[in-house]
Amino acid sequence: MSYLAPAEFATKMVDAGESKIFMSTRDTVIRAFMAGAILALAAIFAITIAVQTGVFLLGAILFPVGFCMLYLMGFDLLTGVFVLAPLALLDKRPGVDVRGILRNWGLVFLGNFGGALTVAFMMAFIFTYGFNVDAGAVGAKAASIGEARTVGYAEHGLGGWLTIFIRGMLCNWMVSMGVVGAMISTTVSGKVIAMWMPIFLFFFMGFEHSVVNMFLFPFGLIMGGEFSISDYFLWNEIPTALGNLVGGLAFTGLTLYTTHVRTAPKRKVASAAVEAPSKSAPANA
């Protein structure tokens with residue numbers, strides 16, 4: 001069967017969360033590093049397409065190719081473990097505790113950041129021929145995105161910070177739907193289709209993804225963006241990561257777990273007593 005019922009893939013979510021918590025440090029970091037690197041390549045791929053064609057929609061349509069590749073290879077994004085790891089704790093899996101979850105999150109964050117940063121330097125080197133020429137339109141676009149989504153938010157104070165947070169929530173609602181969507185199908189084509197739809201939506205809508213931003217903002221800084229490292233962390237990465245955590249867990253992880261694993265008892269409907277129609281006694285002759 002190429003499709004799993006919700007109760008089946010919801011259990012797979014818990015199993016996946018448990019597996020990630022107990023994974024070795026080496027494997028966790030390697031898988032996270034590769035996930036960050038591949039997603040970074042997908043981001044610059046989408047930006048390049050949008051700049052060269054002038055059609056942002058086309059870049060958004062093709063961006064999910066990176067997410068599909070990293071998922072099919074079994075690599076891990078911070079946005080995914082934000083959703084899956086806590087479910088193993090809620091399900092009271094043996095040996096799972098808060099410390100284990102935080103360890104997993106921390107290692108995946110470091111791995112994702114390392115992979116994204118590596119690609120940022122590699123792509124900057126390529127675009128500038130070893131930092132000897134101007135990066136051109138793609139570099140300028142990356143710099144402007146970095147400015148708009150850091151100091152641009154800062155101009156609005158608390159309202160700007162909350163805007164990033166909410167965009168982060170909406171982002172990981174969709175991204176985690178992609179993660180779960182891949183569990184619904186047992187075929188490659190089914191997994192890709194299920195992942196493609198929500199990832200396309202989040203990218204086109206400009207929602208904030210913490211791992212994409214691990215590439216985008218360092219790359220924007222290298223390309224001459226007029227914002228600082230502290231601007232990046234305070235006015236993007238931190239609220240984005242927090243929003244990713246809350247949105248993915250609240251809108252996807254907890255809702256699916258609650259209604260498909262910890263299903264509430266079915267309502268008991270009292271059966272209505274059916275009274276047989278009374279028959280009148282025969283009249284006396």
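A polar contact here is a pair of N or O atoms within 3.5 Å, where one must be able to donate a hydrogen and the other to accept it. Keep that in mind for the Thr150 view; the model throughout is a predicted one.

**View 1. Thr150 sits in a loop and reaches back to Gly146.** Thr150 belongs to the loop between α7 (136–148) and α8 (151–154). Its side chain comes to 2.6 Å from the backbone oxygen of Gly146, which falls inside the 3.5 Å limit for a polar contact. Is Thr150 buried or exposed? With a relative accessibility of 0%, Thr150 counts as buried. Leaving aside residues up to four places away in sequence, Thr150 touches Phe217, Phe227, Asp231, Tyr232, Trp235 and Asn236.

**View 2. The whole chain, for orientation, is built from helices.** The protein chain has 12 helices and 0 strands, so there is no need to hunt for a sheet when you follow the elements from the N terminus, which read α-α-α-α-α-α-α-α-α-α-α-α. For 285 residues the globule rule gives 19 Å, but the radius of gyration is 24 Å, well over that value, so the chain is more spread out than a compact globule. The C-alpha trace spans about 120 × 45 × 40 Å along its principal axes. Of the 285 residues, 48% are buried. Among contacts with a separation of 6 or more, 84% come from residues 24 or more positions apart. The chain exposes about 14,200 Å², with carbon and sulfur atoms supplying 69% of that area.

**View 3. Helix α5 is largely enclosed by the rest of the structure.** Helix α5 covers residues 78–90, and at 1.5 Å a residue its 13 residues should span 18 Å; the end C-alpha atoms are 19 Å apart, which agrees. How many of the 13 residues of α5 are buried? The count is 11, so the helix is largely enclosed by the rest of the structure. The buried residues are Leu78, Thr79, Gly80, Val81, Phe82, Val83, Leu84, Ala85, Pro86, Leu87 and Ala88. They pack against α1 (6–22), α6 (98–128), α9 (157–184), α11 (210–222) and α12 (229–260). Just past the end of α5, Lys92 adopts a positive phi of about 60°.

**View 4. Helix α4 has its own set of packing partners.** In α4, the buried residues are Pro64, Gly66, Phe67, Cys68 and Leu70. These residues pack against α2 (25–53), α3, α9 and α10. Once α4 has ended, look for Gly74, which takes a positive phi of about 80°.

**View 5. Phe63 and Phe203 stack across a long stretch of sequence.** Counting ring pairs by centre distance, with a limit of 6.5 Å, the total comes to 17 aromatic pairs. In this one, the ring centres of Phe63 and Phe203 are 4.3 Å apart and the planes sit at 20°, so the pair is stacked. The pair links distant parts of the chain: Phe63 is in the loop between α3 (56–62) and α4 (64–72), while Phe203 is in helix α10 (residues 188–204), 140 residues apart. Phe63 is buried, at a relative accessible area of 0%, and Phe203 is buried too, at 14%. Widen the view a little and ring pairs link Phe56, Phe63, Phe200, Phe202, Phe203 and Phe204 into a cluster.

**View 6. Phe109 and Phe113 stack within one helix.** Both residues lie in helix α6, 4 residues apart, or about one turn of the helix. The ring centres of Phe109 and Phe113 are 6.0 Å apart and the planes are at 25°, so this pair is stacked. What is the relative accessible area of Phe109? The value for Phe109 is 27%, making it partly exposed. Phe113, at 18% relative accessibility, counts as buried; the cut-off for buried is under 20%.

**View 7. Phe125 is partly exposed in helix α6.** Phe125 is another residue of helix α6. At 47% relative accessibility, Phe125 counts as partly exposed. Which residues does Phe125 touch, not counting residues up to four places away in sequence? The answer is Gly130 and Phe131. The C-alpha atom of Phe125 is separated by 9.0 Å from that of Ala135, with the two residues 10 apart along the chain.

Notes
Residues are numbered from 1 along each chain as its sequence is written. This is a predicted model: local features need pLDDT of at least 70, side-chain atom pairs count only at pLDDT 80 or more; totals for chains, interfaces and linings use all residues. Side-chain values use heavy atoms; hydrogens and water are left out. Helices (H or I, at least four residues) and strands (E, at least two) are DSSP runs, numbered from the N terminus. The expected span of a helix is 1.5 Å times one less than its number of residues. Buried means under 20% relative accessible area, exposed over 50%, partly exposed in between (1.4 Å probe, protein chains only). Contact means heavy atoms within 4.5 Å. Rings of Phe, Tyr and Trp (its six-membered ring) pair if their centres lie within 6.5 Å; planes under 30 degrees apart count as stacked, over 60 as edge-to-face and the rest as tilted. The radius of gyration is taken over C-alpha atoms; the globule rule is 2.2 Å times the number of residues to the power 0.38. Accessible areas come from the Shrake-Rupley method with a 1.4 Å probe; for residues, only the protein chains shown count as cover.
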